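Me: I am new to this structure and should like to understand the reasoning behind the terms used to describe it. Please set each term against its definition.

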Amino acid sequence: MDGAVPAADAASRPSGAGAAPPLLEMSGITKRFPGVVANADVSFDVRRGEVHALLGENGAGKSTLMKILYGLHRPDEGEVRISGEPVRLRGPKDAIARRIGMIHQHFMLVPTLTVAENVALGLRPKRWPLTDAAAVADQVAELGERYHLQVDPSAYVWQLAVGERQRVEILRALYRDAELLVLDEPTAVLTPQEVDDLFHTLRRLREDDRGLIFISHKLHEVLDLADRVTVLRNGRVVETRPTAGATREDLARSMVGRELHRVVDDHRAGDTEVRLAITGLSVDGDRGTRAVDDAHLEVRAGEIVGVAGVSGNGQRELAEAIAALRDPTAGSINIDGLALDGCGPEEARDLGIGYVPEERMRDGAIGAFTVAENLLLLDHDRAPFSRRGVMIGSAIREHCARLIEQFSVKTPSAETPVQALSGGNIQKLIMARELDGEPAVLVAAQPTRGVDIGAAEQIHAALRAQRDRGAAVLLLSEDLDEILDLCDRVAVMFEGRVVGVVDRAEATPAALGLLMAGVTEPAPTA
């Protein structure tokens with residue numbers, strides 16, 4: 001981008017004697033919870049005019065460290081300094097007063113308020129007790145122009161696209177004059193073009209001498225944007241290094257403590273039978289409006305078909321309709337030639353559908369139940385686990401031990417409550433339960449969202465194994481790298497419609513990104 005500061009320049013700025021102190025210093029931070037040390041003697045700093053990436057597997061301690069910075073946790077040991085001054089952060093109000101802004105992965109906006117109202121929410125107007133709506137709107141427009149964050153201050157948040165909502169989050173932090181911004185997985189729901197726009201903005205903020213903490217599982221983004229990177233593993237700092245000269249392999253190895261090898265998959269789907277056929281499907285969303293609109297799609301045996309699209313374009317409703325959790329208003333869904341008409345979730349499962357839901361803790365697992373109970377959630381009343389209403393303990397223990405080992409679920413025991421596991425291990429548990437029945441059709445919605453690179457590697461291997469045994473796999477993902485790595489064909493959804501289906505050989509991030517934005521016609525040539 002124009003005006004970008006090269007990573008090597010920022011990383012090589014002096015920080016020794018005579019130099020200004022870092023914008024942020026966290027020294028010797030230790031935080032304990034019952035039975036676990038989340039952070040162990042962690043030291044981390046951010047300089048002015050720097051993007052500092054924070055990497056680590058799920059459970060490595062990133063979230064705890066950032067919650068300490070934002071005043072949501074207090075450290076048991078260690079010190080936080082802002083511009084060299086020790087501070088006590090007793091809550092988000094203290095962090096905001098110290099000019100720290102947090103851009104959450106799940107936006108913290110009120111949909112029924114305007115952009116300007118969301119930006120000013122929680123702040124006392126300068127003309128108290130009168131409101132300053134016009135002045136807020138003017139300042140929002142000025143900040144948007146300056147940082148390439150244009151959005152209509154008078155628009156209601158519910159009217160905005162996902163990328164525009166993220167701009168509002170950043171504008172809110174800038175309106176509060178934040179000089180240190182924490183961005184938690186900021187690209188998770190953006191198209192490639194929106195990611196480019198976001199990075200342009202972040203580089204402008206860096207040029208403005210602000211400090212940015214960038215948390216992402218996407219290593220290519222870290223290498224593209226960040227000046228330095230700190231890696232956490234098991235609550236400890238493994239290394240802090242400039243990104244200049246680093247590779248994805250270097251960072252992945254540092255995160256997981258072993259070599260990770262990207263699978264080069266030359267699989268080509270053959271002309272096999274259609275196992276999942278969707279014809280003219282329309283589905284209403286939770287508010288009664290059309291979420292899926294006249295969708296047509298086929299998935300064959302031994303094939304992975306990806307569904308790409310910005311969040312909110314009907315993907316969730318499509319997956320729930322196939323899993324018989326949501327009734328279509330029109331069209332049909334067929335599994336191996338049998339219609340799902342009138343089926344409930346249990347009948348759909350009996351027909352051969354496996355379903356990995358988008359919201360794992362809402363729809364995929366019960367947090368208060370044990371690992372064993374969640375693994376048997378759908379089959380507890382069937383042989384060999386139950387006979388005449390009596391649970392068979394030996395069969396249950398053997399079954400659970402096998403799945404825990406096969407899917408590398410890290411848990412103290414099968415009797416551990418699921419809510420005590422990391423997100424990646426909960427996801428592997430759900431995958432284990434759904435794949436053990438060898439479904440004819442597997443619907444996997446956002447299977448690696450929020451999981452670390454090691455867990456994602458295992459989940460990808462499991463999806464390929466299902467494909468190789470002849471299952472039809474429908475993968476719904478907002479991660480284009482995942483889509484391009486795994487899928488034989490890619491369907492793109494926009495405003496509820498399947499606007500294009502592209503073979504893997506022709507699928508590029510740019511081409512898919514245009515379809516995700518609703519551009520279905522080629523650009524005119526000069």
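Me: What makes β13 and β21 a pair of strands?
Reply: Two strands pair if there are at least two bridges between them. In this predicted model, strand β13 (residues 303-308) and β21 are joined over 4 bridges, in the parallel sense, so the criterion of at least two is met. One of the bridge partners can be named: A308 is matched in β21 by V492.

Me: Which strand pairs with β21 in the antiparallel sense, and over how many bridges?
Reply: That strand is β22 (residues 497-503), and the pairing runs over 6 bridges. Within it, R489 has D503 of β22 as its bridge partner. The two strands, β21 and β22, form a hairpin with 2 residues between them. In the turn, E495 has a positive phi of about 50 degrees.

Me: Why is strand β21 called largely enclosed?
Reply: A residue counts as buried when its relative accessible area is under 20%. In β21 (residues 489-494), 5 of the 6 residues are buried, so the strand is largely enclosed by the rest of the structure.

Me: What makes β12 and β15 edge strands?
Reply: An open sheet is formed by 4 strands in the order β12-β11-β14-β15, with antiparallel pairing. β12 (290-300) and β15 (338-339) each pair on one side only. Helix α10 (residues 315-322) packs on this sheet and touches β11, β12 and β14; its direction makes about 120 degrees with that of β11.

Me: How do you know that β11 and β14 pair?
Reply: Strand β11 (residues 274-284) and strand β14 (residues 328-335) run antiparallel and are joined by 6 bridges. At least two are required, so they count as paired. Among the partners, A277 is matched by N334 in β14.

Me: Which residues lie nearest the centre of the second largest pocket?
Reply: They are V162, R165, S311, G312 and N313, out of a lining of 40 residues. The elements that give two or more residues to this lining are α6 (162-175), β12 and α10. The largest share, 3 residues, comes from α10. The pocket has a volume of about 1,500 Å³.

Me: Why should some coordinates not be read in detail?
Reply: Where pLDDT is low, the predicted coordinates should not be read in detail. The protein has a mean pLDDT of 87, and 90% of its residues reach 70 or more. Over residues 1-17, however, the pLDDT is below 50. Beyond near neighbours in sequence, that stretch has 31 contacts in the model.

Methods. Residues are numbered from 1 along each chain as its sequence is written. This is a predicted model: local features need pLDDT of at least 70, side-chain atom pairs count only at pLDDT 80 or more; totals for chains, interfaces and linings use all residues. Side-chain values use heavy atoms; hydrogens and water are left out. Contact means heavy atoms within 4.5 Å. Axes are lines fitted to C-alpha atoms, for helices over the stretch in contact, and angles run from 0 to 180 degrees between N-to-C directions. pLDDT is the predictor's confidence in each residue, from 0 to 100. Buried means under 20% relative accessible area, exposed over 50%, partly exposed in between (1.4 Å probe, protein chains only). On a 1 Å grid over the protein atoms alone, a cavity is a set of points where a 1.4 Å probe fits but cannot get out, and a pocket is an open set with protein on both sides within 12 Å along at least five of seven lines; lining residues have an atom within 4 Å of a point. Grid points are joined across faces, edges and corners, and a volume is the space filled by probe spheres set on the points.
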